[in-house]
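These are my notebook entries on a structure that is new to me. I set down what I looked up, topic by topic.

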Amino acid sequence: MLDNFSFQCVSCCSQTQARAGVFMTPHGPVETPCFMPVGTVATVKTLTPEQLRATGATMVLGNTYHLHLQPGEGIVAAAGGLHRFMGWDGPLLTDSGGFQVFSLSQLRRITDDGVTFRSARDGQMIHLTPERSVQIQNQLGADVIMAFDECPPYPAARSEVEVATKRTYQWLLRCIEAHRRPDQALFGIVQGGAYLDLRAAAAKALSELDLPGYAIGGVSVGEPADQISHTVGQTAPLLPKEKPRYLMGVGTYREMVRAVAAGVDMFDCVIPTRWARHGTVMVRGERWNIKNAQFREDFAPLDESCPCYTCRHFSRAYLCHLVRVREVLAYTLLSIHNVTELIRFNRRIRDAIVADRFAEEFAGWLGREPAHL
């Protein structure tokens, strides 16, 4: 029996399958739709927990693969768990490590038992199984943990995707068996690549297991944006309505809007902090390179309507200067704004759903061409 987990849909769009909900966790509620910043190695890059809270973030991610390599789940557990270790008292989710294994395609070998791969950190051989992934996540102590899955690349032959989808389901059964903590919700992951019949079969099989939540994985792995939207649009409505639905690794405006229209509740992506480290900012649906000469003497804030620390205190000209001289502060200030921007964007979506104006307010994003980015 799970402790302190529930999901309630509080409002639905009358023209789409978008919904506003509340996902209750042991470390507090998460209002959905929501964007979750990625803190791969127990930190959202360049941000302190206090700065992260100020962005409006409620739920944050950590990564099993990276935390296993450094510092090790034993150290995190000895510190009192991931929440205490990283100084974050809100809800946490840990990825299983499956996607990172996918990204190590030249360094790994997959069998039905698990994955053997060479660590990119120190070259040691590591064998990761569904049981081991869950054991590590049990020690890390996040509120939500993810089942170990095989993420096929794009494009991939149907035969290859069939094997990966079947293996993902079998691994999920082993994850369920290995899971030991009732204060952690184990989410299953729907795979199936671009093959919608495989996605549908996977969604049906996972739904019958009555898990506390469901994720759509294996998207944003190289396929065109319209393919992402089509796959998610056909898959999300097949998952249980009374459970949270999480689209993994997606955090661009158009894809989030279209996914919400299909019934998705939760998103994560490294985009806001990764782009910040390259001098890129997200402003009202547009993508700006703040290094550009047009900003050198522009003394306006990035966005006058944005309440973040960066927009309240600094000009575009100052941020342009910091990026040009490669000052570390630039990455913090741009990350603060970018994370705030995506969280505010999801809150705007939520408010529109509650007011039953989602389809009208986001019509430009729901059309064939994006409104901006």
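The entries below treat strands, helices, charges and a few single residues in turn.

**Entry 1. Status of the model**

I note at the outset that this is a predicted model.

**Entry 2. The strands S1, S2 and S3**

I began with strand S1, residues 6–12, and found that it pairs with S2 in the antiparallel sense over 6 bridges. A hairpin of 6 residues joins S1 to S2. I looked up one pair in this arrangement: cysteine 12 has arginine 19, in S2, as its bridge partner.

I then followed S2 to its other neighbour. S2 pairs with strand S3, residues 28–32, again in the antiparallel sense, over 5 bridges. The hairpin that joins S2 to S3 has 2 residues. Here I recorded valine 22, whose bridge partner in S3 is glutamate 31.

How many of the residues of strand S2 are buried? I found 5 of the 7 residues in S2 (19–25) to be buried, and I entered the strand as mostly covered.

**Entry 3. The strands S15 and S16**

I turned next to strand S15, residues 280–283, which runs antiparallel to S16 and is joined to it by 4 bridges. In this pairing, threonine 280 stands opposite asparagine 289 of S16. The hairpin has 2 residues between the strands, and in it arginine 284 takes a positive phi near 50°.

I also examined the two sides of S15. In a regular strand the side chains alternate between the two faces of the sheet. In S15, Thr280 and Met282 lie on one side, with Val281 and Val283 on the other. I found all of these buried, so that both faces of the strand are covered.

**Entry 4. Helix H6**

For helix H6, residues 130–140, I listed the buried residues: Pro130, Ser133, Val134, Ile136, Gln137, Asn138 and Leu140. Glycine 141 follows H6, and its phi is positive, near 90°.

**Entry 5. Salt bridges**

I searched the whole structure for salt bridges and obtained 19. I looked at several of them individually.

Arginine 53 forms a salt bridge with aspartate 89, and their closest N and O atoms are 3.5 Å apart. Arginine 53 is in helix H1 (residues 49–54) and aspartate 89 is in the loop between helix H4 (82–86) and strand S6 (92–95), so this pair ties together parts that are 36 residues apart in sequence. I compared the accessibility of the partners: arginine 53 is partly exposed, at 36% relative accessible area, whereas aspartate 89 counts as exposed, at 56%.

Aspartate 226 forms a salt bridge with arginine 254, with 3.8 Å between the closest N and O atoms. This pair also links distant parts of the chain, for aspartate 226 lies in helix H9 (residues 225–235) and arginine 254 in helix H10 (residues 253–261), 28 residues apart. Is arginine 254 buried or exposed? Arginine 254 has a relative accessible area of 11%; this value is under 20%, and therefore I entered the residue as buried. Aspartate 226, at 35%, counts as partly exposed. I further noted that Asp226, Arg254, Glu255 and Arg258 are linked in a network of salt bridges.

Glutamate 361 and arginine 357 also meet in a salt bridge through their side chains, at 3.6 Å from N to O. Both partners count as partly exposed: glutamate 361 has 35% relative accessibility, and arginine 357 has 42%.

**Entry 6. A patch of positive charge**

Which residues gather in a patch of positive charge on the surface? I recorded Lys291, Arg296, Arg324 and Arg326. I looked up the place of arginine 326, which is in the loop between helix H13 (316–324) and helix H14 (328–354). Its relative accessible area is 69%; this is over 50%, so arginine 326 is exposed.

**Entry 7. Leucine 302 and isoleucine 176**

Leucine 302 is found in the loop between strand S16 (286–289) and helix H12 (309–313). I noted 0% relative accessibility for leucine 302, which counts as buried. Leucine 302 and leucine 319 are 17 residues apart in sequence, and their C-alpha atoms are 9.0 Å apart in space.

Isoleucine 176 lies in helix H7 (residues 158–178) and counts as partly exposed, at 34% relative accessibility. I looked up its separation from cysteine 13: the two residues are 163 residues apart along the chain, and 34 Å separates their C-alpha atoms.

Technical notes: Residues numbered from 1 in each chain as written. Predicted model: local features only at pLDDT ≥ 70, side-chain atom pairs only at ≥ 80, totals over all residues. Heavy atoms only, no water. Patch = residues over 30% accessible without salt bridge, like charges linked within 9 Å, V, L, I, M, F, W, Y side chains within 5 Å. Areas by Shrake-Rupley, 256 points an atom, 1.4 Å probe, with all protein chains shown as cover. Salt bridge = Lys/Arg side-chain N within 4 Å of Asp/Glu carboxyl O. Lys, Arg positive; Asp, Glu negative; His and termini not counted. Charge placed at Lys NZ, Arg CZ, Asp CG, Glu CD. Buried < 20%, exposed > 50% of the residue type's maximum accessible area, 1.4 Å probe, protein only. Pairing = 2+ DSSP bridges.
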